Every structure is written in structure tokens, then in C-alpha cells.
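Subject: Structure for your files

Hello,

Here is the structure I said I would pass on. My notes on it follow below.

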Amino acid sequence: MLLHIPNVLTKAQVQECQDMLLAADWVDGKNTAGHLALHSKNNSQLPQDSDVGKQIGDFILSCLQKMPLFMAAALPNKFYPPMFNCYQHAGNFGNHIDNAIRQSPLIAGQVRTDLSMTLFLSEPDSYDGGELVIEDTYGEKRVKLPAGDLILYPSTSMHRVTSVTKGRRLASFFWLQSLIRSDEQRRILYDLDQSIMALTQQDPQQQELVRLSGVYHNLLRQWSET
Ligand code: NI
């Protein structure tokens, strides 16, 4: 499931992030590429131990965890700390699938990448190209969102970023390990959650809502891993 989460950051927060990011020191993105991606990755990144990156990353995670739509869709167990990239001067990243298990110097243990996220930090009309293209069994999905918006997609997907031929594309990208490993099961829980929410809005007194919420939690109990 691909899900667009709008307004993770306000325009004022985006502006503040941009100012901080543009004043920071960047390195070649190839530094963190696996050997397969080495030749297809042409961008720059903030070093993982960058103070600016850590500060903005923590802020992004705190905003996301207050969003019911995101929490219902992702059911996060642990996050890989947000990283930041910049594409310009025809920078691009060819087709690839992200590594399954990741380790960050910023957190203990490993994170299995179940879900990938890109938070757009430049307005789409400020650069040409720079689309995140995600391949799915349904075909290709081309994603270029307003600054402050996020796309959530399964980490099993083949994806690429097309050349930025004009302007500059700043973004944050990161992963999470979900309580629910399977995309299909997570989708069922998401649909059930959204239905319960809608029914609650119509009439919070409906007795069957109690049983339906119980079904949600009993499925979560069956399927989750912590
Ligand atoms: Ni990737």
C-alpha cells in the first residue's frame, strides 16, 4: 500500500528545516550506498552523525507519531533515524530495492525495513524532475509531493529518483520496522481501523463497535511481533 500523508510539517517548519539543512555540511551519497547502488546513486547526504540531522530527524518522528493516519497505516515498532538527501545538477538514483536490515550509529540494535518513507522538503515547482518512481504490481507510481508531505510505501518495492535537471530537491528518507511484518495483514488492520473510526463518528454509542474494536485488537495480538 502506498499512502500519502499530507502536512507532516507546516510550511513554516519546512522553511526552518531548509535553512538549517542548507547551512549544514553535506557529503557524497555514495558513502552510504551498498556496492550495487554505488554506481547508480548521484546525490549528497547529511552525515549520519550530523547534529542538524539528528535535531530535525527527532522533530519529524515526534510529529509523525502524533498523526493517527500514519500510526494506523504503519503500526511502527522501531524507526531508523531520518536521513537527509539533496539532488541537484542532474543528480538521480537508479532503480534499487533498499537493504532489508539496517544498523545506525544513532540507535542500538538493528531495524528490519518494512516500510520506507520520503518526506519532501522542497516545493515541487522549485525543481524539475526528482520524482520518486515506485514500481508495483499495479504499475509505476510517480510521486512528487508538496513540501511537508510524506509518502509511505513498502520497502520491498523497486524504486528510483529521476534526475533533477533544474533547482534543488531536499528530502528526508527513512525506514521503520512495523509491529506487523506483512503488508497484506497491515492493510487489513488499516482498513478495519478506518472503518471503526468512521462508524464511531456516525454513532459512538453503537454496541457493535465494542466487538469490532475487540476484533481489531485480537488480530493485532495474533499478528504483531514486538
Ligand atoms: Ni531507496
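Which residues do ring pairs link into a cluster? They are Tyr80, Phe173 and Trp175. Please keep in mind that this is a predicted model.

The aromatic cluster

A search of the whole structure gives 3 aromatic pairs. In one of them, Tyr80 and Trp175 meet edge-to-face, with 5.3 Å from centre to centre and 85° between the planes. This pair links distant parts of the chain, as its two residues are 95 residues apart. Tyr80 is in the loop between strand E5 (76-79) and strand E6 (83-87), while Trp175 belongs to strand E17 (residues 169-178).

Trp175 also pairs with Phe173: the ring centres are 5.8 Å apart and the planes stand at 85°, so this pair too is edge-to-face.

Are the three residues of the cluster buried or exposed? Tyr80 has a relative accessible area of 3%, Trp175 has 4% and Phe173 has 14%. The cut-off for buried is under 20%, so Tyr80, Trp175 and Phe173 are buried.

A charged residue joins the picture here. Arg102 lies over the face of Trp175, at 4.0 Å from the ring centre. The charged end of Arg102 also sits over the ring of Tyr80, 5.8 Å from the centre of that ring. Arg102 therefore sits over two rings of the cluster, those of Tyr80 and Trp175.

Helix H2

The other item is H2, a helix of 14 residues that covers residues 51-64. From its first C-alpha to its last it reaches 20 Å, close to the 20 Å expected at 1.5 Å a residue.

Which residues of H2 are buried? They are Val52, Gly53, Ile56, Gly57, Ile60, Leu61, Cys63 and Leu64. These residues lie on the same side of H2, because the arc they cover around the axis is only 160°. Asp51, Gln55 and Asp58, on the other side of H2, are exposed.

The N-terminal end of H2 is capped by Ser50. A side-chain oxygen of Ser50 lies 3.3 Å from the backbone nitrogen of Val52, and Val52 is itself one of the buried residues of the helix.

Regards

Note on methods: Residues are numbered from 1 along each chain as its sequence is written. This is a predicted model: local features need pLDDT of at least 70, side-chain atom pairs count only at pLDDT 80 or more; totals for chains, interfaces and linings use all residues. Side-chain values use heavy atoms; hydrogens and water are left out. Helices (H or I, at least four residues) and strands (E, at least two) are DSSP runs, numbered from the N terminus. The expected span of a helix is 1.5 Å times one less than its number of residues. Buried means under 20% relative accessible area, exposed over 50%, partly exposed in between (1.4 Å probe, protein chains only). The arc is that of the directions from the helix axis to the C-beta atoms. A polar contact is a pair of N or O atoms within 3.5 Å; within protein, one must be able to donate a hydrogen and the other to accept it, and residues adjacent in sequence count only if both atoms are side-chain atoms. Rings of Phe, Tyr and Trp (its six-membered ring) pair if their centres lie within 6.5 Å; planes under 30 degrees apart count as stacked, over 60 as edge-to-face and the rest as tilted. A charge sits over a ring if NZ of Lys or CZ of Arg is within 6 Å of the ring centre and within 35 degrees of the ring normal.
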